[in-house]
Structures are given as structure tokens and as C-alpha cells.
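User: I have a structure open and would like to go through it piece by piece. Can you help me read it?

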Amino acid sequence: MPKSLQPQTRAIRGQMDQTDYREHSTPLFLTSSFTFDSAEAMAETFAGQREGIIYSRYNNPSVDELIRKACALEGTEAGFATASGMAAVFASLAALVEAGDHIVATRALFGSTHQLLTNVLPKWGVTFTYVEPDQPESWAAAVRPNTKLFVTETPSNPGLKLVDLAAAGKLCKEHGLLFIVDNCFATPVLQRPADFGADLITHSATKWMDGQGRVLGGLLLGTQVVMDKVTTFCRHTGPAMSPFNAWVISKSLETLHLRMQAHCAAALEMAEWLRKQAAITQVHYPFLESHAQYELARRQMTAGGGLVTFELAGGIAAAQRLLNALEVCTRSSNLGDTRTILTHPATTTHSKLSSEERASVGISDGLIRMSVGLEAVVDIQEDLLRGL
């Protein structure tokens, strides 16, 4: 393909080579292993002296196509696809640290990522320090001589706090840190962390990338140097994505730009409508002018994303009343679907955090996270009014 093609064109046209059957749509390679023309070819492939596919835990044509498309969208050199988003997050940390290393991470992280930092990595002698995502002037003070990684997600889950990617990239360059960004909520359609110096980008491809709530998947995308380490780790620990899931997500990437435009437009309309509802005390959405980091959002994102969070005055009781009144929207912990989904983070995705930890990242008892789907916005509004 011409090098001048736009990322969305590469996501559509970046298919694997046609087979002898001359198919127009990519076939699915559901096979665990592959054969070789000779014993010598087999030995050379295993030795890395010849290109080839060995085993689907290492690579697979369907999975490789997905990785190439995702790299084209994110502007990265290499990647690896995992069985879930959290497998990708775990690999992004475990592959790059060793006993005695220290991690600096922004405080507003997904609940399971928080669990990795607080309960899993300390067993192996890896320590961490949290910094506030919206206070870049304080980050440098947390860096120690043994700090290895700066880890962040932006926008955050579920509070939609932003991290200044330019400031984070500058910090990592000055201190020799590896810069890791969870870009799941924005997707490469809305922001590309590699443009700000990110060494490694993680995704739960289960969310917007699949976009229809069908399959699980994760992606690790980054520089060749970093991905060499991550790929070695993943090949030998086995979190490989199934070829079927890769085939599904690869097809979904062909419509990612169009879907994100529609999700963002609907989410902004919903955010503006929610601000007018008497039962709601606060609405969080990056492209609302009332958002504390609105100017930063406009600088580093092309749109505000498909998620809106809002606060109900009545706490858990009000949140459960709203969720139980839904007749159109879905009660689920997932997001990034064609169907609008409402979640109560305090009792679901972040329930393992203490009340103090939830408060520190802006998760109140009345907070609702809404993943805005592709339904008619008026239908979503009328459904919410049943519980408001």
C-alpha cells in the first residue's frame, strides 16, 4: 500500500495477502499449528533465520492482521494481541520490571490495574507511588533512582480525568522512564499517545475496538525495542488472543472511525441534556466546557469519547433506582457497545477498592458511568427519565 494512506484507510485495506482462492474478505485461520516444507526450513524458522508462522500462541495470520491494523491506527512499530485487556495491562508491567524496580502511576486507574499495583507486583518486590493525574507539576517528586515506568490511562475509568500526555512524555524523557498509556477509552481515533512519546500503549479491544460486545481481546502496541521484550514475555507466558476473536476485532476496526464519530456526537448531546436534569448534581465529559480539563481535552483529543459519567444526589439508593427503571438501556459492567450501557462503579468495577480509595479517584456512591451507544438519543433520554 502507498505510505501516504490515512490510518482509517490502512485499517480497511491492511489485510493479509490473498490466498490462491482470491477471496475479497479476509479468511479466518482457526489452526493451532503450521507445517514446514522441510526439516531445514523448520529449524531456520525456530532459530529466527527465516520468516514464518510457528504456532498460534506465538503468531497467527488472523492475529497478525489485527496487530498490523492497530499499529497503523496508533502509529506504532510493533504489537502483540492478548486474550483480554487485563492480560495486556499485566504484560505491559510484568514484562518490563524486575525485583527492586519502582513504578510511578497516576491514581485514577481501572480497578483491576490498581489491584496489580497494590497486590500482585509487590509480591515480586516491585513498588509503586501514585500521583494525581491532573497535577503534572507534582509528578517529578515521585520519581526515584529505581523508577522504571510511568503508567497512566487517559481519560480515566470511570471519572474521566485526563493526563497531560505532552507533560508526561517530557517527564519520561527527562528521567529515562518508559511511558505506558492505557488508551482504551479514547481509542487511536481520538488521540495517539505515541505522538507524545509513549513507548507502549495498551487497549482492551473488548470495548470500542470490537464495539458490539461480542469478544474479549487486548492489544499491546509500541516501539520495536519495547515490544521485543513484551513479545518474548507473552509468547512464553501464553496470553495469546484466539484467531477467531482477532478476526472479529479486525473487521470491527474497519468501522472504528465512523462508530467513534457517532458515539462522541451522541455522548456530547447526552452530557448537555444530563446537566439540565434536577436529580443530577454533576456531569463529567471531557468536551463539556464545565469539565475542569476542557482546554487539555481540546488540545490532545479530537472529540470527547463515548463515555459520560454523572452524579446522583441520592447515593446508592438513587443509583439503583435509576438502573432498575431502565427498559431500553442495559445494566452491565462492559462499555464500548452499540447499545447504551449504565454501570454503578462503586458496587461493580471498583467495588474492591476501599471507600477511601474510591473517594480519592472521584468515585462517589451516586456515580453512574454511561457508555453511550448508537440508538436514537431521544430514546436513551426517555429511558433515563423513568428512573430520574
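Analyst: We can take the strands, the internal spaces and the aromatic rings in turn. Keep in mind that this is a predicted model.

User: Okay, strands. Is β7 buried or exposed?

Analyst: Strand β7 covers residues 218-222, and 5 of its 5 residues are buried. The strand is therefore largely enclosed by the rest of the structure.

User: Which residues of β7 sit on which side?

Analyst: Gly218, Leu220 and Gly222 are on one side. Leu219 and Leu221 are on the other. These residues are all buried, and both faces of β7 are covered.

User: What does β7 pair with?

Analyst: One partner is strand β1, residues 78-82, which pairs with β7 in the antiparallel sense over 5 bridges. Strand β6, residues 200-204, also pairs with β7, again antiparallel and over 5 bridges.

User: Which residue in β7 is the bridge partner of Phe80?

Analyst: That is Leu220.

User: And what stands opposite Gly218?

Analyst: Ser204 stands opposite Gly218.

User: New topic. How many cavities of 30 Å³ or more are there?

Analyst: The count comes to 3. The largest has a volume of about 70 Å³.

User: What lines the largest cavity?

Analyst: The lining includes Val89, Ser92, Leu93, Val151, Thr152, Glu153, Ile180, Val181 and Asp182. Helix α4 (85-94) and the strands β4 (147-153) and β5 (178-182) are the elements that give two or more residues to this lining. By class, the lining has 6 nonpolar, 4 polar and 2 charged residues.

User: What about the second largest cavity?

Analyst: It holds about 50 Å³ of space. Among the residues lining the second largest cavity are Pro155, Phe185, Trp208, Pro286 and the run Gly304, Gly305 and Gly306. The classes there are 6 nonpolar, 3 polar and no charged residues.

User: Now the pockets. What is the volume of the largest pocket?

Analyst: About 1,100 Å³. The largest pocket is lined by 41 residues, and the closest to its centre are Gly52, Tyr58, Asn59, Asp64 and Arg235.

User: Which elements give two or more residues to that lining?

Analyst: They are α2, α3 (61-74), β1 and α8 (224-237). Helix α8 gives the most, with 7 residues. By class, the lining of the largest pocket has 18 nonpolar, 14 polar and 9 charged residues.

User: And the second largest pocket?

Analyst: About 380 Å³ of space lies in it. Of its 24 lining residues, Met86, Phe110, Asn157, Ser204 and Lys207 are the closest to the centre. You have already met Ser204, opposite Gly218 of β7.

User: Which element gives the most to the second largest pocket?

Analyst: Helix α4 does, with 3 residues. Helix α5 (111-120) and strand β6 each supply at least two as well. The lining divides into 8 nonpolar, 12 polar and 4 charged residues.

User: Let's do aromatics. How many aromatic pairs are there in the whole structure?

Analyst: A search of the whole structure finds 7. One example is Phe36 with Phe46, whose ring centres are 6.3 Å apart and whose planes are at 50°, so the pair is tilted.

User: Why tilted?

Analyst: Planes under 30 degrees apart count as stacked and over 60 as edge-to-face, with the rest called tilted. The angle for Phe36 and Phe46 is 50°, so this pair is tilted.

User: Where do Phe36 and Phe46 lie?

Analyst: Phe36 is in the loop between α1 (7-13) and α2 (39-46), while Phe46 is in helix α2. The pair therefore ties together parts that are 10 residues apart in sequence. Phe36 counts as partly exposed, at 24% relative accessibility, whereas Phe46 is exposed, with a relative accessible area of 53%.

User: Which rings form a cluster?

Analyst: Phe90, Trp124 and Phe233 are linked into a cluster by ring pairs.

User: Last one. Where is Thr31, and what does it touch?

Analyst: Thr31 is in the loop between α1 and α2. Leaving out residues up to four places away in sequence, Thr31 touches Ser56 and Asn60. At 29% relative accessibility, Thr31 counts as partly exposed.

User: How far apart are Thr31 and Pro243?

Analyst: In sequence they are 212 residues apart, and in space 8.1 Å, C-alpha to C-alpha.

Note on methods: Residues are numbered from 1 along each chain as its sequence is written. This is a predicted model: local features need pLDDT of at least 70, side-chain atom pairs count only at pLDDT 80 or more; totals for chains, interfaces and linings use all residues. Side-chain values use heavy atoms; hydrogens and water are left out. Buried means under 20% relative accessible area, exposed over 50%, partly exposed in between (1.4 Å probe, protein chains only). Helices (H or I, at least four residues) and strands (E, at least two) are DSSP runs, numbered from the N terminus. Two strands pair if DSSP finds at least two bridges between them. On a 1 Å grid over the protein atoms alone, a cavity is a set of points where a 1.4 Å probe fits but cannot get out, and a pocket is an open set with protein on both sides within 12 Å along at least five of seven lines; lining residues have an atom within 4 Å of a point. Grid points are joined across faces, edges and corners, and a volume is the space filled by probe spheres set on the points. Ala, Val, Leu, Ile, Met, Phe, Trp, Tyr, Cys and Pro count as nonpolar, Asp, Glu, Lys and Arg as charged, and the others, Gly among them, as polar. Rings of Phe, Tyr and Trp (its six-membered ring) pair if their centres lie within 6.5 Å; planes under 30 degrees apart count as stacked, over 60 as edge-to-face and the rest as tilted. Contact means heavy atoms within 4.5 Å.
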